[in-house]
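I sat down with this one today, notebook open, and looked up a few things in turn. Here is what I wrote down.

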Amino acid sequence: MKGLIFHGKKDIRFESLEDARIEDDRDVLVQAKACGICGSDLHLYHDDFAEIGEGFELGTGFCVGHEAVGEVIEKGKGVTSLKVGDTVMLAAMTGCGACRPCLRGDSKQCEQGWSVFGFGIGLGGCQAELIRVPAADYNAVCLPEGVSIDQGILLTDNVATAYGAALGAEIRPGRSVAIVGLGPIGLMALELAMIMGASVVYAIDPVRERREIAAGLGAVPVWCDDVTGQLRELTNGRMIDCIIEAVGGDATMELALSLVGINGNISILGVNNSMNFKVPRQVFVNNATIRGNFVTEVHKHWPALVPMLQSGRLRPEQFITERRPLAEGPAAYEKFDKREAGTLKAILYT
Ligand SMILES: NC(=O)c1ccc[n+]([C@@H]2O[C@H](COP(=O)([O-])OP(=O)(O)OC[C@H]3O[C@@H](n4cnc5c(N)ncnc54)[C@H](O)[C@@H]3O)[C@@H](O)[C@H]2O)c1
Ligand SMILES: [Zn+2]
Ligand SMILES: [Zn+2]
């Protein structure tokens, strides 16, 4: 089979690798139809995941990607809910599906240990023609009626991550929201904040085009040398109730923390591989809450998100700007990384 292989910093190649195959009775083998490139793949692309630990044993020479929709082409004897020919979406983060936490959707507490596709020597990557899915009755779900392949890709990670972070920020009707970082996930969080009743959403990103997209969705675009000062002015000193950090860096963490108002919440979805930021005293003085959102338990959020996609209330697919064959994956990485005008979410088709 062919797939995208990580060879080191900014070096991802479309190459042949050993075919994925069934290894356990609970596995299915999926032929990918489409896969996504995530901001987390960009961390890998920059080779800045090395320090993160948390079970990610990285090296080079492995197949990347953790977002996929495909067709079941073979199944293990123990798989009951799927059949050959089903089109399925995969959970980027997998659990065993049989322990109590998994049954609650808390796959991060999986008693067998959680895993993610395409980060090192663990599960194989999804930016490939074939994917082995463990505990497939749990980690592969038939694409729901009325949900497109593109939307399915976003359910495997990005829109679930945005929603998890929005819940973590405790967005409620009437609250003010600030989103730091308007990549695909930040923009999805913005769309969700509107749906969840935010009174105002401030959208912060250095890329003008991304701020313009945010403004088109009803947000207030913000970018200047003193974002904190500008927001102090815009909010008459009250600052923000719900803040989402969707970048993954120390400077943006400090920015997010500096925006919090009294009893506010800061929800961090950006993957920060340095964690070398200062927490301002105001976080303590304002009784603020900081919530981490590292690797989203996507299963948990599907029951809320799928109906919103089916009804057209939520349209995260509007942020897909790149559609290419898998073979052009290396070029798609390069373009997404440069944040070139017109580039947001990239989907690769096999
Ligand atoms: N927690 C999870 O489960 C999870 C899942 C997927 C992705 N992520 C993380 O989410 C983050 C965002 O990913 P993405 O796919 O949206 O793409 P992305 O990483 O390209 O988006 C980052 C955005 O931040 C903006 N940015 C850069 N510097 C900034 C600054 N100083 N102030 C404000 N904005 C700034 C960029 O212009 C870009 O629009 C990444 O860190 C990724 O690793 C987390
Ligand atoms: Zn991801
Ligand atoms: Zn489990």
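**Ligand 1.** I began with the surroundings of ligand 1: of the 32 residues around it, Gly-39, Gly-181, Gly-183, Ile-185 and Gly-248 come nearest. I count a residue as near if its C-beta atom, placed from the backbone, lies within 6 Å of the molecule. Helix H1 (39-45), H6 and helix H9 (250-258) are the elements that give two or more residues to this shell. H1 has the largest share, with four residues. Helices (H or I, at least four residues) and strands (E, at least two) are DSSP runs, numbered from the N terminus.

I then sorted the shell by class and found 16 nonpolar, twelve polar and four charged residues. Here Ala, Val, Leu, Ile, Met, Phe, Trp, Tyr, Cys and Pro are nonpolar, Asp, Glu, Lys and Arg are charged, and the others, Gly among them, are polar. Domain 1 (2-157 + 296-349) and domain 2 (160-292) both contribute to the shell, so ligand 1 lies between them. The domain bounds come from an automatic or database assignment.

**Ground rules.** A note to self: this is a predicted model, where local features need pLDDT of at least 70 and side-chain atom pairs count only at pLDDT 80 or more, while totals for chains, interfaces and linings use all residues. Residues are numbered from 1 along each chain as its sequence is written, and chains are lettered from A and ligands numbered from 1 in the order in which they are written.

**Helix H5.** Is H5 enclosed or open? Ten of the eleven residues of H5 (residues 158-168) are buried, so this helix is largely enclosed by the rest of the structure. Buried takes 20 or more other C-beta atoms within 10 Å of the residue's own, exposed 12 or fewer, and partly exposed is in between, with C-beta atoms placed from the backbone. Among the buried ones I noted Tyr-163 and Gly-168. Their packing partners include helix H4 (149-155), helix H6 (184-195) and helix H11 (298-311); contact means C-beta atoms, placed from the backbone, within 7 Å. Just after H5, I saw that Glu-170 takes a positive phi of about 55 degrees.

**Strands.** S5 (residues 68-75) and S6 (residues 87-90) run antiparallel, joined by three bridges, with Gly-70 opposite Val-88. S6 also pairs with S10 (residues 140-142), again antiparallel and over three bridges; Met-89 stands opposite Val-141 there. Pairing requires at least two DSSP bridges between the strands.

**Whole protein.** I closed with the totals: twelve helices and 18 strands.

Methods. Contact = placed C-beta atoms within 7 Å.
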